[in-house]
Amino acid sequence: MTNSEVQEPTLTNFVNELTSLIAQKPLTLNVVRNITLTLQLYAEHYVNEIVLEQVKESAKKEVKEHLTFPQKLRILKNLNCLDDNTERVLSTLNSIRDLLIHNLMINVKEFNVKLEGVKFGFKYNWRITGEAKPKMDKEIDLVKIYEEHKSRITKYDQLNVSSAVVIGLLHYHLMKLRGKEPNEIIDVEPIIREGKFDFVELRAWGKIIAED
């Protein structure tokens, strides 16, 4: 494969890939690993690309080979691409990923301890403008969604949804850094069936101006 054949990932493909994994039942350890590794892979892609946009060509190899993921997250926080809430989400994702790839057998209690007490909720805004239909101006309040449906949304569910949203926001920042108009964002919609909460749906929308 030549460089000209490498295509930038899209949020639509990411959401399709992730929701396909999340829909797999039962939720075995192998499925959990696949979900977490997919999230981490996309997160690292956007984190790396944003950091690399900020450094000179001579420093890119150093960044790729020697900076850890937590170090890169701190850089993004200093660049205002992440705040305390969104950095916490990706830091926790990275911690869960480390647990899953370094241990063949996982202690469920140890897994849950890493998620206990972690606040995954945050708010963000996005707008569809221009030729897109329907036009939208929307605030996503993950704090409210998680609180209202806490009996059905586990901490691991929250980690997955929040990580996906942060990846969408990083995509937005990367496009802006490259001087391109951001054309996708990730939306979150609680699905209610017969008056009862069923699940949280992730959607990728196009022609977006995001405000995080």
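1. At 63% relative accessibility, N80 counts as exposed in this predicted model, because the cut-off for that class is a relative accessible area over 50%. The residue sits in the loop between α4 (69-78) and α5 (84-102), and N80 has a positive phi of about 65° although it is not a glycine. Most residues other than glycine have a negative phi, and most peptide bonds are trans.

2. A second backbone feature concerns the peptide bond that joins K25 and P26, which is cis, with omega at about -5°. P26 is placed in the loop between α1 and α2. K25 returns in the next point, as it is listed among the residues closest to the centre of the largest pocket.

3. The largest pocket has a volume of about 700 Å³. Of the 27 residues that line this pocket, I22, K25, L27, D157 and N160 are the closest to its centre. At least two lining residues come from each of α1 (11-22), α2 (29-53), α6 (108-113), α8 (155-177) and β4 (196-206). Among the contributors to the lining, β4 gives the most, with 6 residues. Sorted by class, the lining comprises 17 nonpolar, 5 polar and 5 charged residues.

4. F199 belongs to strand β4, the element that gives the most to the lining of the largest pocket. With a relative accessible area of 31%, F199 is partly exposed, since that value falls between the 20% limit for buried and the 50% limit for exposed. Once its neighbours within four places in sequence are left aside, F199 is in contact with E189, P190, I191 and R193. Its C-alpha atom is separated by 9.7 Å from that of D157, 42 residues apart along the chain, and D157 is one of the residues closest to the centre of the largest pocket.

5. Which residues does H149 contact, leaving aside its neighbours within four places in sequence? They are P190, I192 and F197, and P190 also appears among the contacts of F199. H149 is located in the loop between α7 (142-148) and α8. With a relative accessible area of 14%, H149 is nevertheless buried, because the limit for buried is under 20%.

6. The largest nonpolar core holds 57 residues, of which F14, L90, L142, L170 and V188 touch the most other members. For L142, the contacts beyond its neighbours within four places in sequence are G121, F122, V161, S162, V165 and V188. V188 is thus both a contact of L142 and one of the residues that touch the most other members of the core.

7. A search of the whole structure finds 3 aromatic pairs. In one of them, the rings of F122 and Y124 have their centres 6.2 Å apart and their planes at 40°, so the pair is tilted; the planes would have to be under 30 degrees apart to count as stacked and over 60 to count as edge-to-face. F122 is buried, with a relative accessible area of 5%, and Y124 counts as buried too, at 1% relative accessibility. F122 is also listed among the contacts of L142.

8. Two residues of helix α2 can be set side by side, T36 and H45. T36 is buried, with a relative accessible area of 1%, whereas H45 counts as partly exposed at 23% relative accessibility. Not counting residues up to four places away in sequence, T36 touches L93, I96, R97, L100 and Y156, while H45 touches E8 and P9. From C-alpha to C-alpha, T36 and I96 are 7.5 Å apart in space, at 60 residues apart in sequence. H45 and H171 are 126 residues apart in sequence and 9.6 Å apart in space, again C-alpha to C-alpha.

9. Finally, E65 is found in helix α3 (residues 57-66), where this residue counts as exposed at 52% relative accessibility. The class follows because exposed means over 50%. Between E65 and L76, 11 residues apart in sequence, the C-alpha to C-alpha distance in space is 17 Å.

Terms used:
Residues are numbered from 1 along each chain as its sequence is written. This is a predicted model: local features need pLDDT of at least 70, side-chain atom pairs count only at pLDDT 80 or more; totals for chains, interfaces and linings use all residues. Side-chain values use heavy atoms; hydrogens and water are left out. On a 1 Å grid over the protein atoms alone, a cavity is a set of points where a 1.4 Å probe fits but cannot get out, and a pocket is an open set with protein on both sides within 12 Å along at least five of seven lines; lining residues have an atom within 4 Å of a point. Grid points are joined across faces, edges and corners, and a volume is the space filled by probe spheres set on the points. Helices (H or I, at least four residues) and strands (E, at least two) are DSSP runs, numbered from the N terminus. Ala, Val, Leu, Ile, Met, Phe, Trp, Tyr, Cys and Pro count as nonpolar, Asp, Glu, Lys and Arg as charged, and the others, Gly among them, as polar. Rings of Phe, Tyr and Trp (its six-membered ring) pair if their centres lie within 6.5 Å; planes under 30 degrees apart count as stacked, over 60 as edge-to-face and the rest as tilted. Buried means under 20% relative accessible area, exposed over 50%, partly exposed in between (1.4 Å probe, protein chains only). Contact means heavy atoms within 4.5 Å. A nonpolar core is a set of buried Ala, Val, Leu, Ile, Met, Phe, Trp, Tyr and Cys residues joined through side-chain atoms within 4.5 Å.
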